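Trainee: I should like to learn how to read a structure such as this one. May we begin with the ligand and then turn to the strands and helices?

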Amino acid sequence: MHNLHRALGLATTPSTAVTGIDIAKQKPVQPVTLVRPHAAARAARFFAEKFPGRSMYAVKANPSPDLLKILWDSGITHYDVASIAEVRLVASTLPDATLCFMHPVKAPEAIRAAYFDYGVKTFSLDSVEELEKIVDATDGAEDLTLCVRLRVSSEHSKLSLASKFGAAPGETKELLFRARQAADALGICFHVGSQAMTPEAYSNALERVRAAIVDAAVTVDVIDVGGGFPSSYPGMEPPPLERYFETIHRVFESLPVSYSSELWCEPGRALCAEYSSIVVRVEKRRGDELYINDGAYGALFDAAHIGWRFPVELLREPESRSKDMPFSFYGPTCDDMDHMVGPFYLPADVKAGDYLEIGMLGAYGSAMRTAFNGFGSDETVIVGDEPMVSLYGEEVYGEEQPEVASNVVTL
Ligand SMILES: *Cc1c(COP(=O)(O)O)cnc(C)c1O
């Protein structure tokens with residue numbers, strides 16, 4: 001496992017020629033992104049088959065067109081978009097996809113273009129002002145699904161989404177009532193925060209939904225439990241996703257909603273975290289600090305800014321015999337903030353010139369890259385081995401494996 005061959009594969013971004021890469025021989029100077037289409041396909045099939053309702057992909061987690069196509073081919077037909085640029089991106093990549101505009105604060109021009117130019121009919125909102133904006137921008141359309149976003153607790157999640165959006169308990173009655181009058185279908189949505197570590201996050205939020213429905217006495221057609229489904233990271237190993245699905249299903253079944261009501265979810269992280277990792281080079285070592293060639297302004301934003309820990313491996317042959325010890329990382333820019341505190345456990349003899357793989361960066365990794373200070377790299381290689389960690393095991397959902405897996409060079 002701990003070797004250089006995991007990084008062998010065929011470099012194919014949609015537009016570039018196929019070129020082989022071999023870390024040991026080619027010694028890439030820039031960070032290289034390894035993508036694992038089979039891992040994203042497996043996660044998508046898992047949600048498509050096991051979530052007791054409809055799963056839509058939250059595009060912001062990783063907007064790569066290659067990934068969008070993999071998810072589509074694996075059964076994800078609906079996409080949660082938050083900007084007109086995401087609407088255009090998904091519409092041009094997947095012309096038959098259904099788009100839902102789930103950002104509760106939108107520009108009127110974006111709503112108008114989404115509705116009239118791209119056929120978007122589902123919008124979220126958390127205020128009467130936004131409701132009026134949507135009604136105006138669609139010229140009083142009568143075919144809208146309007147999802148009222150409730151503010152719910154983020155206490156069980158690693159990343160809060162509780163302060164910025166969502167109607168507070170005192171505001172939901174009037175809002176639900178008015179949205180009901182404007183909507184063809186009325187939904188209620190929420191987001192429990194990203195990386196929710198227990199299914200109770202959802203049952204607690206659904207109890208808030210129940211109270212809001214009873215209070216407003218409206219007919220609700222859609223319950224959308226949002227994102228927040230976890231992935232596995234060092235020190236953050238969640239319970240199996242099936243438990244989340246069971247809990248959500250049980251509470252949903254007991255809600256006072258219409259018989260034909262639908263259950264939706266909006267996973268971002270859980271569908272794509274395992275999709276990619278990066279290979280970086282150690283440029284310098286200073287004690288227990290490693291200076292690597294990607295960082296806070298690259299794919300490691302969360303590692304730097306919120307101290308997220310990612311799994312790491314030394315790619316060296318023969319394998320190091322040294323015991324693991326904790327390291328922190330500095331990224332390549334000239335900025336003190338470009339620091340990832342970790343701890344990241346690596347063999348004690350790691351040194352300049354070594355290559356490391358940093359795993360689980362498919363979600364909120366490459367999506368966050370900038371070219372600050374002249375660093376940053378788009379080099380991408382498809383590989384067919386397993387991600388460092390997986391919540392989906394080796395089990396294959398559905399019959400088809402993406403074709404690329406068979407092209408991977410293995411030694
Ligand atoms: C970010 C976001 C998601 C995805 O969240 P994850 O924690 O990545 O699953 C889903 N819905 C909305 C409205 C979001 O803002």
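Mentor: We begin with a definition: a polar contact is a pair of N or O atoms within 3.5 Å. Please keep in mind that this is a predicted model.

Trainee: How far from an oxygen atom of the ligand does a backbone N or O atom of Gly228 lie?

Mentor: The distance is 2.9 Å, and the atom of Gly228 belongs to the backbone. Side chains also take part: a polar side-chain atom of Lys60 is 2.8 Å from a ligand oxygen atom, and one of Tyr364 is 2.6 Å from a ligand oxygen atom. Of the accessible area of 390 Å² that the ligand has on its own, the protein covers 91%.

Trainee: Which residues come nearest to the ligand?

Mentor: There are 14 residues around the ligand, and those that come nearest are Lys60, Ser194, Glu266, Arg269 and Tyr364.

Trainee: Let us turn to the strands. How does one read the pairing of strand β4 with β5?

Mentor: Two strands pair if at least two bridges are found between them. Strand β4, residues 54–58, runs parallel to β5, and three bridges join them. As an example, Ala58 has Asp80 in β5 as its bridge partner.

Trainee: How many bridges link β5 and strand β6?

Mentor: Four bridges link them, again in the parallel sense, and β6 spans residues 98–101. Here Val81 stands opposite Phe101 in β6.

Trainee: Which helices belong to the β-α-β units of these strands?

Mentor: Helix α3, residues 65–73, forms a right-handed β-α-β unit with β4 and β5. Helix α4, residues 84–93, forms a right-handed β-α-β unit with β5 and β6.

Trainee: Are the residues on the two faces of strand β5 buried or exposed?

Mentor: A residue is called buried when its relative accessible area is under 20%. In β5, residues 78–81, His78 and Asp80 lie on one side, Tyr79 and Val81 lie on the other, and all of them are buried. Both faces of the strand are thus covered.

Trainee: May we apply the cut-off to a residue in a helix? Why is Thr93 classed as buried?

Mentor: Thr93 is in helix α4. Thr93 is classed as buried because its relative accessible area is 16%, and the cut-off is under 20%.

Trainee: What does the side chain of Thr93 reach, and which residues does Thr93 touch?

Mentor: Its side chain reaches the backbone oxygen of Leu89 at 2.6 Å. Leaving aside residues up to four places away in sequence, Thr93 touches Pro65, Leu68 and Lys69.

Notes
Residues are numbered from 1 along each chain as its sequence is written. This is a predicted model: local features need pLDDT of at least 70, side-chain atom pairs count only at pLDDT 80 or more; totals for chains, interfaces and linings use all residues. Side-chain values use heavy atoms; hydrogens and water are left out. Buried means under 20% relative accessible area, exposed over 50%, partly exposed in between (1.4 Å probe, protein chains only). A crossover is right-handed if, with the strands pointing away from the viewer, the path from the first strand over the helix to the second runs clockwise. A residue is near a molecule or strand if one of its heavy atoms lies within 4 Å of it. A polar contact is a pair of N or O atoms within 3.5 Å; within protein, one must be able to donate a hydrogen and the other to accept it, and residues adjacent in sequence count only if both atoms are side-chain atoms. Accessible areas come from the Shrake-Rupley method with a 1.4 Å probe; for residues, only the protein chains shown count as cover. Contact means heavy atoms within 4.5 Å.
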